Amino acid sequence: MVSVAVSIGSNIDREKNIRAGLTALGRVYGPLSLSSVYANPAVGFEGPEFFNLVAVFETYQSAVEIVASLRGIGAEQGRVRTGNALGSRELDLDLLLYDDAVLYSEGLDVPREEILQEAYVLKPLSQILPEQRHPVTGECYATLWEKMASAAGERLEEVPLNLEVAVD
């Protein structure tokens, strides 16, 4: 079994789409550990504010299988992938971590580069896995967040959502 971290975001019918995405993840992967939900402005384009969080779970699937599963779940929620990666989306699911593997040479962005670049990814990740170390930098996520927080933290606002999901 490997431990996996996935970022979850939505800026279209946010609460409904995040709940549906979590339900689907729970059906496929079982119990999920969830960070808090954070609201933040759209990055790189004009659009509605996003809700973002991180889910952690364990699986026997390969990283490639997980990415395919995440894309399928996103498509079920109406996500259409076009050439332009920047834009509003019903549900955005990205594989952040696959244990401590570095999979760039296999064509996967794992650990996802956004971890070190975007507060909306690092803050919830540092909340749920504060002492885990980034596979490339070797720094724990809490320390990485401390370094980023002063410049980026004011853009994030915790959103009080109860996201307990029933898994059938």
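Here is a short conversation about ring contacts and strand pairing in a predicted model.

Student: How many aromatic pairs does the structure hold, and which residues form a stacked pair?

Tutor: Happy to walk through it! The structure holds one aromatic pair. Its ring centres are 4.3 Å apart, and the planes meet at 25 degrees. Planes under 30 degrees apart count as stacked, and the residues in this stacked pair are Y29 and F57.

Student: How many residues apart in sequence are the parts that this pair ties together?

Tutor: Look at where each partner lies. Y29 belongs to helix α1 (residues 14-29), while F57 belongs to strand β4 (residues 50-59), so the pair ties together parts whose separation in sequence is 28 residues.

Student: Is F57 buried or exposed?

Tutor: The cut-off helps here: buried means under 20% relative accessible area. Its ring partner Y29 has 7% relative accessibility and counts as buried. F57 has 2% relative accessibility, so F57 also counts as buried.

Student: Which residue of β4 is the bridge partner of V4?

Tutor: Start with the strands, a nice way to get oriented. β1 and β4 pair in the antiparallel sense, over nine bridges. Strand β1 covers residues 2-10, and eight of its nine residues are buried. Within β4, the bridge partner of V4 is F57.

Student: And in β5, which residue is the bridge partner of V6?

Tutor: Good follow-up! β1 is also joined to strand β5 (residues 92-98) by six bridges, and the two run antiparallel. In β5, V6 has as its bridge partner L95.

Student: Over the ring of which residue does the charged end of R14 sit?

Tutor: Follow the charged end of R14 to a ring centre 3.8 Å away. That ring belongs to F51.

Technical notes
Residues are numbered from 1 along each chain as its sequence is written. This is a predicted model: local features need pLDDT of at least 70, side-chain atom pairs count only at pLDDT 80 or more; totals for chains, interfaces and linings use all residues. Side-chain values use heavy atoms; hydrogens and water are left out. Rings of Phe, Tyr and Trp (its six-membered ring) pair if their centres lie within 6.5 Å; planes under 30 degrees apart count as stacked, over 60 as edge-to-face and the rest as tilted. Helices (H or I, at least four residues) and strands (E, at least two) are DSSP runs, numbered from the N terminus. Buried means under 20% relative accessible area, exposed over 50%, partly exposed in between (1.4 Å probe, protein chains only). A charge sits over a ring if NZ of Lys or CZ of Arg is within 6 Å of the ring centre and within 35 degrees of the ring normal. Two strands pair if DSSP finds at least two bridges between them.
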